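Reader: Please take me through this fold one question at a time. Where should we begin?

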Amino acid sequence: MAIKTRDECLERLKEAKPNVFMLGKKVDRVWDDPLFRSTLNLLGATRDFAFDSEYKHLSAVHSPLVDEPVRRLNLHLQTSKEDAIIKAKLTREVTSRRICAWCGSNVMSVLWAATYDTDQKYKTSYHERFAEYVKYIQKNDVDCCWGMMDPKGDRSLKSHQQKPLTDLRIVDRNKGGIVVKGAKVHTSFGPATQEILVVPCRSMTEEGRDFAVSFVVPIDTKGITFIARPAPAPKQPMDMEGAIGSAIGGVEAMTVFDDVFVPWERVFLCGEWDMCDRVPSYFASIHRQSKCACLAGHTDMLIGIIALTAQVNGLDMTVAHIRDKLTEMMMQAEVAYGCALGAAEAGYQHPSGVWVPDALIANSGLNYIRSQAGHHLAALHDIAGGIIVTMPTELDYKNPATKEYMDTYLHGSNDFTTEERLRVLSLAQEVGASRFTGYLLGWAVNAAGSPQTNEILVRAAYDLDKRIEIAKDWARITK
Ligand SMILES: Cc1cc2nc3c(=O)[nH]c(=O)nc-3n(C[C@H](O)[C@H](O)[C@H](O)COP(=O)(O)OP(=O)(O)OC[C@H]3O[C@@H](n4cnc5c(N)ncnc54)[C@H](O)[C@@H]3O)c2cc1C
C-alpha cells in the first residue's frame, strides 16, 4: 500500500536537511523539535485518517494513475462530481475535529488543469511532466507544501514593477533547467514537508514573463531558506490550557529562493505569462469549494464549544438568546456546507479530466461564512462570559495554595466539577481569547484568498444583465 504511516513519514523527515530558522535560531532537527510537535501531529493525523476504520473508505481512495490507494485530501486528483462531494463531506468532518484537513490535493488538481491549458496553447509538455510528478508523489506518499503567494510588496504595482524585486522569478535558463530567485510567503507547514510546489498567484503582463513560473523541488534544495513562525501552541503540552494547540497546529514560513536550480523535468510553467491566471482561476473554484466545507467544520466546532460552555455555567438551549445564537450558527454552517455541495453539483469537467466546482457558488458560500467568523467569536465571549479572559491559570489551579479557592469560587453548574468547568472554559479561552484565536480568524478570513477576491469573482460570474432584462420586461422597457 502506498500510504505511509506517521512513523514512516517521521523517519523520512530525518533524511532531509532543510535550511530552517525560527525564533532567531537555526533548526536542525525538525522531526524532534518541540516547536514542530503540533505541526507534525497535524500532518500525521492526515495519515492516521487513512487507516481509521470509520473513515478509511472515504479518506483512502484508489488512484488510477498508480493503481494504488492514496490519501484523498492530500494526493488525489478530483476528477468527478462524486470526488468533489466526498471531499467536502470529509473536509467538514476533519475540520470540525482537527481544524485543518490539509487539502493539498486541490493544488494538484489546479495544476493538472493549468498545465493542460498551457500545452494546448503552446504545444509544450508541462502536463506530461506534471503527470509523471503526480505519479511519483502518489507512489511515495510525499507531503508537499504550497508556495503560491508572492510577497507582492507594493500592492498597487505588478511583480516586475517592484523595487526591490520581491516575487519569485526566473533569473537564468540553461540546458539543464532554470534558476529562480525571490520569495514565497505563508508557506504553511513548509519545513515539516518534503517538497515545495510553486505556482503563480496572479495574472501577469508580458513584462512579467520571468515571474510566470511553476515547479517543484525538495525542501532541502540548495538556496532555499525557510524563516518559520511557531504554531500557536504552548511550548510544553498542557493538561488544561491550550488543549487544541498542544495537539495540533501549523508552523508557518516565508520561503526564500536564492538562486535555486530546478531541473527541466520539475518545471511546469516557464515564461508563458498569459497562462498565469489559470492557476488563481481554477484555485478559486477547486480550493474555495473545500474552504466552504472547512469553515462549516470550524463553525461546528465552535457550536459544540459554546453549547458546552453554556452547560458548565448552568445554562442551555432553553435560554432564548443562547438558543437563537446557536441556531443561527447551525444555519450558517449548513449554508456554507450547502454551497460546497452545490458548487460540486453545478461544476464541469475540464478537458484535462479535473472536476471544477462552480466558482460563483463556491465564492459566495466562502465569502458568507468567513464574514461570520468574527460574530461567532463574539457569541462565544457573550455566552461564556468575561471569565475566559480573566480566569487564573492552570498553574494556579495545580498549586495547592490556590486550588481550594478556585475549586470553591469558580464552581459552576452542579452537573460538573470545578475542574471540568475550568477545562471547558480553558477550551473556550483557547479558541476565543488567545494567540490561537488570531490564527483561527486568519484561517477564516485570508486562507484561500482574501474576501475581496471572492467579491470580484462573484461580480464577474453573476449574470446581472439577465436579471436587468427580467426587470425591464416587468417595467415594459424595450431598449
Ligand atoms: C493561515 C493561512 C495559511 C495560508 N497558507 C498558505 C499556503 O500554504 N501557501 C500559500 O501560497 N499561501 C497561503 N496563505 C496565503 C493566503 O492565500 C493569502 O493570505 C491571501 O490570498 C491574501 O493575500 P495577502 O495575505 O497577500 O493579502 P493582500 O492580498 O495584500 O490583501 C490585503 C488587503 O489588500 C487588498 N488589496 C491587495 N491588493 C490590492 C490591489 N491591487 N488593489 C486594491 N486592494 C488590494 C485586499 O483586498 C485586502 O483587503 C495562507 C494564509 C493564511 C492566513
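Reader: In what order do the six strands of the open sheet stand?
Author: This is a predicted model, in which local features need pLDDT of at least 70 and side-chain atom pairs count only at pLDDT 80 or more, while totals for chains, interfaces and linings use all residues. Residues are numbered from 1 along each chain as its sequence is written, and side-chain values use heavy atoms, with hydrogens and water left out. Helices (H or I, at least four residues) and strands (E, at least two) are DSSP runs numbered from the N terminus. The pairing, which requires at least two DSSP bridges between two strands, is mixed, and the order of the six strands is 2-1-10-11-7-6.

Reader: Which are the edge strands?
Author: An edge strand here pairs on one side only. The two that do so are strand 2 (25–27) and strand 6.

Reader: By how many degrees are neighbouring strands of this sheet turned against each other on average?
Author: The angle is taken between axes, which are lines fitted to C-alpha atoms, for helices over the stretch in contact; angles run from 0 to 180 degrees between N-to-C directions. For this average the direction is ignored, and the value is 25°.

Reader: Which residue in strand 7 is the bridge partner of Ile170?
Author: Strands of a sheet pair through backbone hydrogen bonds, either parallel or antiparallel. Strand 6 (residues 169–173) and strand 7 run antiparallel and are joined by four bridges, with a hairpin of three residues leading from one to the other. Within strand 7, Ile170 has as its bridge partner Val180.

Reader: How many bridges join strand 7 to strand 11?
Author: Strand 11 (residues 252–263) runs antiparallel to strand 7. One facing pair has Ala183 opposite Val256 of strand 11. The number of bridges joining the two strands is seven.

Reader: Why is strand 7 largely enclosed by the rest of the structure?
Author: A residue is buried at under 20% relative accessible area, exposed at over 50% and partly exposed in between (1.4 Å probe, protein chains only). Strand 7 (residues 177–184) has eight residues, and it is largely enclosed because the number of them that are buried is seven.

Reader: Which helix gives the most to the largest nonpolar core?
Author: A nonpolar core is a set of buried Ala, Val, Leu, Ile, Met, Phe, Trp, Tyr and Cys residues joined through side-chain atoms within 4.5 Å. The largest one has 67 residues, of which Phe36, Val180, Phe215 and Phe257 touch the most other members. Six of its residues come from the helix that gives the most, helix 9 (residues 278–312).

Reader: From which domains does this core draw at least three residues each?
Author: Domain bounds come from an automatic or database domain assignment. By that assignment, the core draws at least three residues from each of domain 1 (6–275) and domain 2 (278–465).

Reader: Which strands stand at the edges of the sheet of four strands?
Author: This open sheet has the order 5-8-9-12, with mixed pairing. Each edge strand has a single partner, so one side of it is left without a neighbour in the sheet; the two are strand 5 (144–147) and strand 12 (267–270).

Reader: Which residue of strand 9 stands opposite Val198?
Author: Strand 8 (residues 195–198) pairs with strand 9 (residues 213–218) in the antiparallel sense over four bridges. Opposite Val198 in strand 9 stands Phe215.

Reader: At about how many degrees does helix 6 run to strand 12?
Author: Helix 6 (residues 105–122) lies across strand 5, strand 8, strand 9 and strand 12. To strand 12 the helix runs at about 55°.

Reader: How many Å² are buried between domain 1 and domain 2?
Author: The C-alpha centres of the two domains lie 25 Å apart, and the contact (heavy atoms within 4.5 Å) takes 48 residues from domain 1 and 48 residues from domain 2. Buried area is the accessible area (1.4 Å probe) that two parts lose on being put together, summed over both. Carbon and sulfur atoms give 63% of the total, which is about 4,400 Å².

Reader: Which residues in domain 1 lose the most area to domain 2?
Author: Together they account for 19% of what the domain 1 side buries. They are Arg92, Ile99 and Met240.

Reader: Is Ala344 buried or exposed?
Author: Ala344 has its place in helix 10 (residues 320–345). Leaving aside neighbours within four places in sequence, its contacts include Lys81, Trp355 and Pro357. Because its relative accessibility is 0%, Ala344 counts as buried.
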